[in-house]
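Hi,

Here is the structure I said I would pass on. Have a look at it first, and then read on for what turned up when I went through it.

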Amino acid sequence: MASVWWPCLILALLSGLAASGFPRSPFQLLGKRSLPEGVADGIEVYSTKINSKVTSRFAHNVVTTRAVNRADTAKEASFDVELPKTAFITNFTLTIDGVTYPGNVKEKEVAKKQYEKAVSQGKTAGLVKASGRKLEKFTVSVNVAAGSKVTFELTYEELLKRHKGKYEMYLKVQPKQLVKHFKIDVDIFEPQGISMLDAEASFITNDLLGSALTKSFSGKKGHVSFKPSLDQQRSCPTCTDSLLNGDFTITYDVNRESPGNVQIVNGYFVHFFAPQGLPVVPKNVAFVIDISGSMAGRKLEQTKEALLRILEDMKEEDYLNFILFSGDVSTWKERLVQATPENLQEARMFVKSMEDKGMTNINDGLLRGISMLNKAREEHRVPERSTSIVIMLTDGDANVGESRPEKIQENVRNAIGGKFPLYNLGFGNNLNYNFLENMALENHGFARRIYEDSDADLQLQGFYEEVANPLLTGVEMEYPENAILGLTQNTYQHFYDGSEIVVAGRLVGEDVNSFKADVKGHGATNDLTFTEEVTTEKITLWNRAVPSTFSWLDTVTVTQDGLSMMINRKKNMVVSFGDGVTFVVVLHQVWKKHPVHRDFLGFYVVDSHRMSAQTHGLLGQFFQPFDFKVSDIRPGSDPTKPDATLVVKNHQLTVTRGSQKDYRKDASIGTKVVCWFVHNNGEGLIDGVHTDYIVPNLF
């Protein structure tokens with residue numbers, strides 16, 4: 001199960017398709033023709049569609065581009081797709097004149113070798129390469145005969161991550177020419193319910209975007225569609241080039257009635273954990289900053305600007321220090337100091353005075369910062385319930401002191417000893433980013449590349465905002481060993497505000513008779529435990545002969561074979577069949593010491609008109625409209641409850657006025673509904689007699 005979330009770089013090798021060896025179209029062109037608008041070098045891309053389906057944060061994306069060669073001779077058609085670096089390609093096909101050539105997906109190292117071999121042999125192949133800050137580019141080209149049509153279809157998937165309180169989905173839009181049929185269509189299904197949904201484009205004004213964009217959400221479903229006309233695609237009213245060139249970003253979040261949510265699908269589970277409203281844990285930050293000669297100029301100025309903004313966000317409970325490294329190492333203070341207003345003002349003056357000089361001694365800079373954090377903890381100079389963080393920024397490779405990457409990694413790993421995370425920021429491209437990334441990952445952090453653009457200071461500040469508000473430290477996600485076969489990472493140094501921890505695993509069989517998820521962590525004021533529990537007491541879902549059992553203490557969603565069941569802890573259970581009818585079972589709880597009444601279930605049907613006309617049963621026979629008439633209202637035996645005559649199904653029945661509670665909207669108090677009561681167990685109203693609907697058991 002663990003590998004399903006991992007991104008991989010791939011090769012799409014089209015078997016049996018040489019660069020110019022596909023079947024030629026029998027259609028022969030006679031004479032020259034004028035080429036229609038939107039044709040580039042004879043190739044017209046007449047359709048580009050991006051279809052995305054997101055279910056429980058997991059996105060399945062299909063990019064389909066259709067093109068035709070309008071020229072009199074064979075032309076090369078290229079297919080470029082930029083996809084998120086966290087995504088992985090699952091399929092690629094080329095279809096030429098109705099003949100489909102499937103791709104062969106390979107992992108990174110194998111892909112690179114086979115790609116080079118395929119190209120040298122004149123075969124059609126594509127390879128994923130890095131492209132920009134968040135994307136990688138997949139490119140493949142094919143020679144297309146005159147008059148022939150070609151369809152490129154790429155399928156990729158990704159797990160959407162929660163960032164600053166929202167899930168983000170990036171779609172790169174860059175058709176390079178006007179496209180007659182261009183559409184992005186995104187359907188989102190979140191069992192917890194969608195709380196907000198938005199979409200924006202970096203390449204188009206809000207006025208134009210609004211006329212081409214539709215977005216909506218209700219309950220568990222959301223939809224986004226972007227369909228610009230040819231005129232809306234033009235870079236100017238009379239231009240023939242396209243303004244569609246940039247990011248199309250969709251953001252959304254889900255409802256959170258409890259800190260965690262467990263979803264079970266076909267023998268696997270996913271546990272989403274994102275508590276809210278917890279106090280922020282104070283942090284002790286060692287900023288380890290490269291001030292070597294290569295940082296001179298704009299890079300150092302942007303670093304200063306970012307650090308000054310970061311100082312504005314420091315809380316008085318935090319502690320900090322600056323460690324500067326070039327050929328040697330210097331510090332602002334001898335030890336960590338509290339972020340008091342006076343100290344922060346002094347820190348600003350220090351940051352403004354930083355100057356570049358000398359070589360790059362990464363090893364000694366990091367070890368000084370780590371030692372400072374360790375010493376502050378050992379000497380009790382920082383709050384007991386605080387967390388330590390090292391943030392290192394560099395723009396180059398170590399070239400003085402210890403310069404061997406593997407030795408620096410070893411020194412840093414031994415010094416930290418697993419006690420706190422290291423975050424590495426690589427400024428620009430002239431550095432060993434793999435070294436920075438590996439060193440961060442083995443110390444429970446991550447690396448981030450800072451691009452040498454005008455917004456580099458904002459990139460630095462944006463990174464800091466991700467780690468500025470730790471809510472929990474030492475987070476452990478625990479599951480019963482006898483119920484789990486495989487598990488992804490389930491321990492984390494920190495949980496940061498606005499993020500989400502996701503753990504996936506495989507269950508032992510599909511019978512989850514006992515399943516308990518405990519999340520433990522250290523908060524700002526005390527240790528916390530969050531429990532999601534599945535027991536064998538109350539609710540059983542049968543899949544053929546295999547039962548899955550849950551309790552009313554759960555917040556669980558199960559999706560299986562077109563059926564969705566969602567338990568809302570101590571409230572209700574919602575059962576949906578595809579896009580059709582929805583049943584709601586409400587848990588009505590009464591005082592536990594009541595001498596007579598007990599907890600009971602209310603069964604409700606939502607959108608019953610969607611049911612088939614052949615639906616029957618004690619309730620089902622009334623899902624479709626039927627004729628009835630109430631007349632002759634008269635006093636009954638109870639002066640407060642009149643009687644009347646009900647004519648239904650060729651029967652005349654005496655009915656009595658009364659009231660009942662509808663608990664669909666308010667499960668505790670309910671809503672009073674006035675109605676007519678049918679006597680004698682519904683005789684004359686229901687088909688047959690009431691005993692026809694009593695069965696000894698359900699299965």
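Let me start with a pocket: the second largest one holds about 1200 Å³ of space. Bear in mind throughout that this is a predicted model.

That pocket has 27 lining residues, and the ones nearest its centre are Leu619, Phe622, Gln660, Cys675 and Trp676. By class, the lining breaks down into 21 nonpolar, three polar and three charged residues. Domain 4 (539–611) and domain 5 (616–698) each give at least three residues to it.

Which strands supply at least two residues each of this lining? They are E40 (600–606), E41 (628–638), E42 (641–648), E43 (651–662) and E44 (671–678). E44 has the largest share, with six residues.

Some of those strands also belong together in a sheet. E41-E42-E43-E44 is the order of an open, four-stranded sheet with antiparallel pairing. E41 and E44 are at its edges with a single partner strand each, so each has one side without a neighbour in the sheet. From one strand to the next, the twist averages 35°. If you want to check the pairing of E43 with E44, look for eight bridges between these antiparallel strands. In one of the pairs to look at, glycine 658 has cysteine 675 of E44 as its bridge partner. Cysteine 675 is also one of the residues nearest the centre of the second largest pocket, so to speak a handy landmark for both parts of this story.

There is another sheet to look at, further towards the start of the numbering. This one is open too, with four strands in the order E12-E13-E18-E15 and antiparallel pairing. Its edge strands, E12 (162–163) and E15 (194–201), pair on one side only. E13 (residues 166–173) and E18 (residues 246–254) run antiparallel and are joined by seven bridges. Within E18, glycine 246 is the residue opposite valine 173.

Last item: disulfides. How many does a search of the whole structure find? The search comes back with one. The bond is between cysteine 236 and cysteine 239, and their sulfur atoms are 1.8 Å apart. Which hand does it have, right or left? The torsion about the S-S bond of cysteine 236 and cysteine 239 is about 95°, which means that the disulfide is right-handed.

Over to you, and enjoy looking around.

Cheers

Technical notes:
Residues are numbered from 1 along each chain as its sequence is written. This is a predicted model: local features need pLDDT of at least 70, side-chain atom pairs count only at pLDDT 80 or more; totals for chains, interfaces and linings use all residues. Side-chain values use heavy atoms; hydrogens and water are left out. On a 1 Å grid over the protein atoms alone, a cavity is a set of points where a 1.4 Å probe fits but cannot get out, and a pocket is an open set with protein on both sides within 12 Å along at least five of seven lines; lining residues have an atom within 4 Å of a point. Grid points are joined across faces, edges and corners, and a volume is the space filled by probe spheres set on the points. Ala, Val, Leu, Ile, Met, Phe, Trp, Tyr, Cys and Pro count as nonpolar, Asp, Glu, Lys and Arg as charged, and the others, Gly among them, as polar. Domain bounds come from an automatic or database domain assignment. Two strands pair if DSSP finds at least two bridges between them. Axes are lines fitted to C-alpha atoms, for helices over the stretch in contact, and angles run from 0 to 180 degrees between N-to-C directions. A disulfide is a pair of cysteine sulfur atoms within 2.5 Å.
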